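Me: I would like a close look at a single part of this model, with its surroundings described in a connected way. Please find the structure below.

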Amino acid sequence: MLILALDTSTSVLSVALLGEHEPPSAPRAARAVHEGNRPAELLAPTIKAVLADAGVGPADLTAVAAGVGPGPFTGLRAGLVTARALAHVVGVRVHGVCGLDALAAEAVAAGAPEDLLVATDARRREVYWARYRGGRRLGDPQVSDPALLAGAAVEHGLPVVGGGAALYADRLRTLGATVLLEVGASGAADGSEGLLPVAPAAAWVASLARDGLAGSGPQPLPPEPLYLRRPDVQEPGSPKRVGG
């Protein structure tokens with residue numbers, strides 16, 4: 001099995017190639033770039049570079065995996081359309097993975113507790129977030145003001161990790177939440193040290209898809225974007241009548 005995975009749900013565009021027995025911490029090849037609102041422009045060259053780094057071609061792929069969000073409309077659309085097109089051309093299936101799940105899995109592997117809240121930047125002064133117990137997500141992801149995330153953290157006594165936690169760290173802490181941006185200095189139980197991830201990494205998207213296909217994890221999702229908001233652009237309504 002050789003999975004090409006991508007995630008475009010945050011400002012960090014991530015692409016990775018993962019073999020059947022390779023750990024997500026050491027994928028066959030991986031690249032991450034700050035997309036700067038140019039995911040459609042940067043994604044194809046990044047995929048090409050990852051395949052070149054590994055010395056393989058599209059015909060060697062056995063599956064494609066893509067982060068389905070939650071995330072912004074433009075980024076998710078670019079990622080999923082690209083994943084579907086590539087899978088169609090190669091003749092393999094494309095599988096979806098929640099980006100927050102990938103971020104949670106990497107954070108736990110890096111030393112964060114298995115019971116935690118994961119948050120990413122949703123822009124408009126809001127965060128996407130989800131709650132995890134034993135490394136498994138409880139319920140659907142949400143989008144809200146950081147104050148609601150802080151309330152959930154305090155209510156359940158859970159730390160918050162991820163890019164949303166980093167962006168609103170001061171506010172979350174003021175509201176009583178525990179923000180976990182690194183392990184070691186904060187006393188991780190397993191003694192590991194280092195910064196925790198802030199954005200979903202494609203290698204972990206591939207890993208979760210691989211586990212799901214093997215029956216050792218939740219089944220992959222359909223490759224449909226997980227939008228938690230309506231698009232900024234709305235279809236105009238009927239013209240108003242003027243005059244008598």
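With which residue does Arg137 form a salt bridge, and how far apart are the closest N and O atoms?

Reply: In this predicted model, the partner of Arg137 is Asp101, and the closest N and O atoms of this salt bridge lie 2.7 Å apart. The pair joins distant parts of the chain: Arg137 belongs to strand β8 (residues 136–144), Asp101 belongs to helix α3 (residues 99–109), and 36 residues separate them. The two partners fall into separate accessibility classes. Asp101 is buried, because its relative accessible area of 19% is under the 20% limit. Arg137, at 27% relative accessibility, counts as partly exposed.

Asp101 also takes part in a helix contact. Together with Ala102, Ala105, Glu106 and Ala109 of α3, Asp101 meets Trp204, Val205 and Leu208 of α7. By character, the residues of this contact comprise six nonpolar and two charged ones, with no polar residue. Two packed helices are described by the angle between their axes and the distance between the axes. Here the axes of α3 and α7 come within 9 Å and cross at roughly 100°. Helix α3 is therefore roughly perpendicular to α7, since angles of 65 to 115 degrees are placed in that class. Asp101 thus appears both in the salt bridge with Arg137 and in the contact of α3 with α7.

The wider setting includes further ion pairs, as the structure holds six salt bridges. One of them is formed by Asp145 and Arg171, whose closest N and O atoms are 2.8 Å apart. This pair also links distant parts of the chain, with Asp145 in the loop between β8 and α4 (146–156), Arg171 in helix α6 (residues 169–174), and a separation of 26 residues. Asp145 is partly exposed at 31% relative accessibility, and Arg171 is likewise partly exposed, at 36%.

Another salt bridge brings together the side chains of Glu224 and Arg84, at 3.0 Å from N to O. Glu224 lies in the segment after α7 (202–214) and Arg84 in helix α2 (residues 73–90), so that this pair, too, links distant parts of the chain, 140 residues apart. For Glu224 the relative accessible area is 47%, which makes this residue partly exposed. Arg84 is also partly exposed, with a relative accessible area of 34%.

Terms used:
Residues are numbered from 1 along each chain as its sequence is written. This is a predicted model: local features need pLDDT of at least 70, side-chain atom pairs count only at pLDDT 80 or more; totals for chains, interfaces and linings use all residues. Side-chain values use heavy atoms; hydrogens and water are left out. A salt bridge is a side-chain nitrogen of Lys or Arg within 4 Å of a carboxyl oxygen of Asp or Glu. Helices (H or I, at least four residues) and strands (E, at least two) are DSSP runs, numbered from the N terminus. Buried means under 20% relative accessible area, exposed over 50%, partly exposed in between (1.4 Å probe, protein chains only). Axes are lines fitted to C-alpha atoms, for helices over the stretch in contact, and angles run from 0 to 180 degrees between N-to-C directions. Angles under 35 degrees count as roughly parallel, over 145 as roughly antiparallel, 65 to 115 as roughly perpendicular and the rest as oblique. Contact means heavy atoms within 4.5 Å. Ala, Val, Leu, Ile, Met, Phe, Trp, Tyr, Cys and Pro count as nonpolar, Asp, Glu, Lys and Arg as charged, and the others, Gly among them, as polar.
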